[in-house]
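Me: Hi! I have a structure open here and a few quick things to ask. Could you walk me through it?

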Amino acid sequence: MSGNIELLSTTLAAAKAEDRAALIAYLPAGFPTVDGGIEAVKAVVAGGADVVEVGLPHSDPVLDGPVIQTADDIALRGGVRIADVMRTVREAYEATGVPILVMTYWNPIDRYGVERFTAELAEAGGAGCILPDLPVQESGLWREHAEKHGLATVFVVAPSSQDARLATITAAGSGFVYAASLMGVTGTRASVGAQAQELVGRTRATTDLPVCVGLGVSNAEQAAEVAGFADGVIVGSAFVKAILDAPDEAAGLDAVRSLAGELAQGVRKR
C-alpha cells in the first residue's frame with residue numbers, strides 16, 4: 001500500500017487556493033492514553049485542523065520544550081510503543097481523511113528498521129515523517145524507502161541555516177519544509193518573531209515546496225500573523241497544554257477542539 005504524500009500535497013494546495021495558510025496540529029501518540037490520543041486527533045480535525053502531526057514519544061526529545069516533554073513522559077510511562085503510533089495514524093486517518101504525519105527522532109526508526117517503519121506507516125495511511133534530527137547527508141536510506149512507499153520526508157530548517165544549507169535541505173525534502181520560527185525548543189511564546197518571516201523568504205528562494213512555520217504559535221492572533229507569510233501554521237504545545245490543564249479527558253477534547261477552531265479562524269485572517 002502506498003502512503004498519502006499526494007493527499008498532503010493536495011491539502012496544502014487547497015488551502016493556498018483558498019488564499020489562506022493550512023493549520024497543522026501536533027499531538028503525541030499515547031497521550032493521555034492511546035485511545036485518548038486518537039480521540040484528541042479527531043477533535044482537532046473537527047475543530048478545523050487541515051493536517052495532523054502525531055508525535056512518537058521519545059525519552060530525550062531535543063527539539064521539544066517542557067510541555068511536550070511532560071506529555072511524552074506520560075505516554076512512555078503508559079507503555080506506548082511504535083505499534084501504538086501506527087494504530088493512532090491508522091485510526092485517525094480512517095476517521096478524518098486528513099493527512100497524518102509522524103514526527104519522530106531518528107533513533108527509534110533506526111532501531112525499528114527503516115523498511116519496516118516506512119512500510120507500516122504507509123499501510124496505516126500515513127502521509128510521511130518529520131525528522132528534526134536526521135542530517136540530510138545521512139538520509140539516503142530513509143528517503144529511498146519513503147519514496148518507495150509514497151511518504152513525504154519533511155526536514156526542519158532554522159534561522160541559523162545558511163542559504164547554501166537551506167538549498168541542500170529543501171532539495172532533499174518532500175511534502176513541505178518545516179521552518180522553526182526561532183532558535184530553541186517548542187513552547188508557547190508571547191511573540192513568534194521577525195526571524196520566522198525572514199527564514200520563510202530565504203527558504204522559498206530555494207524551493208517550490210510549501211513552507212510551514214512552527215515553534216511558538218499558541219493563539220489566533222499569532223496564527224494570523226504567521227499565516228501572513230507562511231503556507232502553514234504548526235501548533236503543538238498549545239494543544240498539549242490544553243489537555244494537560246483540563247480536569248478530565250472529555251474537557252481536554254473540548255478544549256483542543258475549541259482551540260483548533262480559534263486557530264482555524266486565525267489562519268483565515270492572514
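Me: How far is the sulfur of Cys212 from the closest cysteine sulfur?
Reply: The closest cysteine sulfur to that of Cys212 is in Cys129, and the gap is 16 Å, too far for a bond. Bear in mind that this is a predicted model: local features need pLDDT of at least 70, side-chain atom pairs count only at pLDDT 80 or more, and totals for chains, interfaces and linings use all residues. Residues are numbered from 1 along each chain as its sequence is written, and side-chain values use heavy atoms, with hydrogens and water left out.

Me: How many disulfides does the structure hold, then?
Reply: Zero. A disulfide here is a pair of cysteine sulfur atoms within 2.5 Å. Seen from the other side, the sulfur of Cys129 has its closest cysteine sulfur in Cys212, 16 Å away, which is too far for a bond.

Me: Is Cys212 buried or exposed?
Reply: Cys212 is buried, with a relative accessible area of 0%. Buried means under 20% relative accessible area, exposed means over 50%, and partly exposed is in between (1.4 Å probe, protein chains only). Cys129 is buried too, with a relative accessible area of 0%.

Me: Which residue is the bridge partner of Cys129?
Reply: That would be Val102, with Cys129 sitting in strand E4. E4 covers residues 128–130 and pairs with E3 in the parallel sense over three bridges. Two strands count as paired if DSSP finds at least two bridges between them. The strands themselves (E, at least two residues) and the helices (H or I, at least four) are DSSP runs, numbered from the N terminus.

Me: What about the side chains of E3, which way do they point?
Reply: E3 spans residues 100–103; Ile100 and Val102 point one way, Leu101 and Met103 the other way, and all are buried.

Me: And which strand does E3 join through four bridges?
Reply: Strand E2, residues 51–55, and the two run parallel. Within that pairing, Glu53 stands opposite Leu101 in E3.

Me: Glu53 is handy to know. Which residues is Leu27 in contact with?
Reply: Contact means heavy atoms within 4.5 Å. Leaving aside neighbours within four places in sequence, Leu27 is in contact with several residues, among them Glu53, Val54, Gly55, Phe239 and Ile243. Leu27 lies in strand E1 (residues 22–28) and is buried, with a relative accessible area of 2%. From Leu27 to Asp72 there are 45 residues in sequence and 9.9 Å in space, C-alpha to C-alpha.

Me: Changing topic: how many salt bridges are there?
Reply: The count comes to 13, where a salt bridge is a side-chain nitrogen of Lys or Arg within 4 Å of a carboxyl oxygen of Asp or Glu. One of them joins the side chains of Glu39 and Lys42, at 3.1 Å from N to O.

Me: Why are Glu39 and Lys42 separated by about one helical turn?
Reply: Because they are three residues apart in helix H2 (residues 34–47). Glu39 is partly exposed at 32% relative accessible area, and Lys42 is partly exposed at 29%.

Me: Got another pair like that?
Reply: Sure. Glu91 and Arg87 meet in a salt bridge at 2.8 Å, N to O. They are four residues apart in helix H4 (residues 82–96), so about one helical turn separates them. Glu91 is partly exposed, with a relative accessible area of 30%, and Arg87 counts as partly exposed at 29%.

Me: Where do Asp254 and Arg257 lie?
Reply: Both are in helix H12 (residues 249–267), three residues apart, about one turn of the helix. Salt bridges that share partners also join Glu18, Arg20 and Asp50 into one network. Back in H12, the closest N and O atoms of the Asp254 and Arg257 salt bridge are 2.9 Å apart.

Me: Last one, the overall picture. How many helices and strands are in the protein?
Reply: There are 12 helices and nine strands. The radius of gyration, taken over C-alpha atoms, is 17 Å, close to the 18 Å that the globule rule gives for 270 residues, so the protein is as compact as a globular protein of that length. The globule rule is 2.2 Å times the number of residues to the power 0.38. Of the 270 residues, 58% count as buried.
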